[in-house]
There are 2 protein chains.
Amino acid sequence: MTIRTGPARTPRQVQILEKTLELVREGGLAHVTTKRIAERVGFTEAAIYRHFPTKQALILGLMDLLEDMLVEPIRAIAGDGSLSVRQRLEAIVRHHTTLVREQNSLPILLLAEASVSEDPALLGRMRSIFHDYLSVLEGLVREGQAQDEIVQAPEADCLALLLLGAPAALAIRHRLFPDARAEDRFEHSLIPHLVSSLDLNPGRKA
Amino acid sequence: MTIRTGPARTPRQVQILEKTLELVREGGLAHVTTKRIAERVGFTEAAIYRHFPTKQALILGLMDLLEDMLVEPIRAIAGDGSLSVRQRLEAIVRHHTTLVREQNSLPILLLAEASVSEDPALLGRMRSIFHDYLSVLEGLVREGQAQDEIVQAPEADCLALLLLGAPAALAIRHRLFPDARAEDRFEHSLIPHLVSSLDLNPGRKA
DNA sequence: CGGAGGTAAGTGAATGGTCACTTACTTCTC
DNA sequence: GAGAAGTAAGTGACCATTCACTTACCTCCG
């Protein structure tokens with residue numbers, strides 16, 4: 001689907017991207033300046049430009065990382081035929097919430113700030129990532145719906161959006177009120193409830 | 001709960017805040033500069049400082065507007081005894097989605113950008129708004145749970161967060177792929193489904 | 001009535017700070 | 001000795017904020 005025009009990063013590029021991601025985790029894209037990146041890596045601002053042509057290119061590199069962390073894994077889960085649709089949906093939502101907790105709400109920070117970016121390349125990249133994510137969910141939901149006879153349920157795209165909403169809301173709260181205990185409960189009790197409430201799979205037909 | 005230390009705005013202050021809100025709707029908080037505000041209002045940058053002591057104070061004024069648009073109305077809905085808990089929850093989620101559509105995802109933009117702000121006053125204000133919003137939802141959910149015997153359902157705070165997730169996800173998609181038709185469907189088919197899936201109210205007990 | 005004094009609201013031109021980015025020069029390694 | 005990787009010291013653009021000053025209006029007093 002998305003063509004991987006091989007990043008083929010040098011080790012130094014990878015290091016720069018990782019340090020930059022660290023900055024984003026701490027304070028969002030707005031917090032990322034060439035000066036701060038250089039500080040983290042341990043060299044001067046000018047050195048950045050030996051490895052990336054512009055800051056824009058560097059930020060676009062972050063989007064590749066986001067795709068690797070968020071979209072690629074859920075694509076893999078969605079294609080895992082050994083699991084039921086419901087199990088796969090649950091695994092996807094769980095993957096997303098785990099990522100949110102490990103990466104300090106990184107996905108929604110990148111998303112929110114890229115969505116108001118003046119840079120059309122960044123905006124387009126974000127659109128594509130978001131679209132791919134929702135497509136995977138929507139495809140799975142459709143698959144689940146096809147196994148059942150339920151027709152009056154909400155449309156697949158609405159349900160897919162709802163499945164995105166759970167980790168999104170968790171991410172927002174995690175930013176403002178991090179609370180590992182509450183987040184554990186969210187993972188263990190809410191996600192199964194959410195997925196089963198979709199009314200997709202057999203077991204409720206009787 | 002939240003003490004309204006009366007803003008008591010002059011007409012000019014209100015005008016400035018409205019124009020600033022316009023800028024936020026277009027490109028987020030990062031897009032707001034004193035120059036752009038002045039352009040919108042039709043005077044010079046310096047004139048802003050006749051009406052607000054600092055830009056920070058102006059931005060905090062935006063948070064008051066957000067509270068008026070988002071938190072106050074849902075508080076009113078939550079206290080409306082003529083509706084069932086389920087009807088009230090549905091009305092709240094619907095109010096939020098309507099606001100998101102009318103204001104171009106304003107709430108989540110303010111939230112995301114304030115959550116990474118270096119300004120502790122702004123961060124604190126955002127925390128308080130977010131907390132109040134979730135408290136209203138959580139209180140209602142608890143009220144609904146008390147009417148039933150269901151105990152194994154997810155905890156009230158998890159369900160409240162889920163109810164926030166729906167408009168949040170809609171807001172994100174609205175930013176990247178605005179689609180009035182899809183958003184109508186979301187409002188008309190997903191919200192009722194979501195609220196009824198909470199398993200709060202009678203009618204399902206049999 | 002008329003002018004003196006006060007004030008709210010505006011202006012143009014600066015201020016110092018930060019931003020992304022560039023240039024000319026060095027240093028290290030194969 | 002050449003190219004990759006680094007540096008110090010800039011560049012102009014933009015940022016929030018301040019400054020001295022003007023304008024229009026109000027009020028009060030003889």
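This tour moves through a predicted model of two protein chains and two DNA strands, one selection at a time.

**Chain A as a whole**

Begin by selecting chain A and colouring it by secondary structure. Nine helices and zero strands appear in chain A, and from the N terminus on the order of elements is α-α-α-α-α-α-α-α-α. With the view aligned to the principal axes, the C-alpha atoms of chain A fill a box of roughly 70 × 40 × 30 Å.

**Helices H4 and H7 of chain A**

Next, select residues 55-78 of chain A, which form helix H4, and residues 120-147 of chain A, which form helix H7. The axes of these two helices come within 10 Å and cross at roughly 5 degrees. Angles under 35 degrees count as roughly parallel, and H4(A) and H7(A) are therefore roughly parallel to each other.

Show the side chains at this contact. H4(A) contributes, among others, A:Ile59, A:Leu60, A:Met63, A:Leu66, A:Leu70 and A:Ile74. From H7(A), the participants include A:Leu122, A:Met126, A:Ile129, A:Tyr133, A:Val136 and A:Leu140. Charged residues also belong to the contact, among them A:Asp64, A:Glu67 and A:Arg75 of H4(A) and A:Arg125 and A:Asp132 of H7(A). By class, this contact of H4(A) with H7(A) consists of 15 nonpolar, one polar and five charged residues.

**The relation of chain A to chain B**

Now display both protein chains. A turn of 180 degrees with a shift of 0.0 Å along the axis lays chain B on chain A with an RMSD of 0.1 Å. That is the relation of a two-fold axis. To locate this axis from the side of chain B, select B:Gly165: its C-alpha is the one in chain B nearest the axis, at 2.0 Å. The same surface serves both copies, as 100% of the contact residues of chain B recur in chain A.

**DNA strand C**

Select DNA strand C and the 16 residues around it. Those that come nearest are A:Lys55, B:Arg12, B:Thr44, B:Arg50 and B:His51. Which helices each supply at least two residues of the surface near this strand? They are helix H3 (45-48) of chain A and helix H3 (45-48) of chain B.

Three phosphate contacts merit a closer view:

- An N or O atom in the side chain of A:Lys55 is 2.6 Å from a phosphate oxygen of DNA strand C.
- A polar backbone atom of B:Thr44 is 2.6 Å from a phosphate oxygen of DNA strand C.
- A backbone N or O atom of A:Val32 lies 3.5 Å from a phosphate oxygen of DNA strand C.

Of the atoms of DNA strand C within 4 Å of the protein, 52% belong to sugar or phosphate, and the rest belong to bases. The surface near DNA strand C has six nonpolar, five polar and five charged residues.

**DNA strand D**

Finally, move to DNA strand D, around which there are 16 residues. Here A:Arg12, A:Arg50, A:His51, B:Thr34 and B:Tyr49 come nearest. H3 of chain A and H3 of chain B each supply at least two residues of the surface near DNA strand D.

The phosphate contacts to inspect are as follows:

- The side chain of A:Arg12 has an N or O atom 2.5 Å from a phosphate oxygen of DNA strand D.
- The side chain of A:His51 has an N or O atom 2.6 Å from a phosphate oxygen of DNA strand D.
- A:Thr44 has a backbone N or O atom 2.8 Å from a phosphate oxygen of DNA strand D.

Sugar or phosphate accounts for 55% of the atoms of DNA strand D within 4 Å of the protein, with the rest in bases. By class, six nonpolar, five polar and five charged residues make up the surface near DNA strand D.

How values were computed:
Residues are numbered from 1 along each chain as its sequence is written. Chains are lettered from A and ligands numbered from 1 in the order in which they are written. This is a predicted model: local features need pLDDT of at least 70, side-chain atom pairs count only at pLDDT 80 or more; totals for chains, interfaces and linings use all residues. Side-chain values use heavy atoms; hydrogens and water are left out. Copies are superposed by least squares on the C-alpha atoms of residues with pLDDT of at least 70 in both. Contact means heavy atoms within 4.5 Å. Axes are lines fitted to C-alpha atoms, for helices over the stretch in contact, and angles run from 0 to 180 degrees between N-to-C directions. Helices (H or I, at least four residues) and strands (E, at least two) are DSSP runs, numbered from the N terminus. Angles under 35 degrees count as roughly parallel, over 145 as roughly antiparallel, 65 to 115 as roughly perpendicular and the rest as oblique. A residue is near a molecule or strand if one of its heavy atoms lies within 4 Å of it. A polar contact is a pair of N or O atoms within 3.5 Å; within protein, one must be able to donate a hydrogen and the other to accept it, and residues adjacent in sequence count only if both atoms are side-chain atoms.
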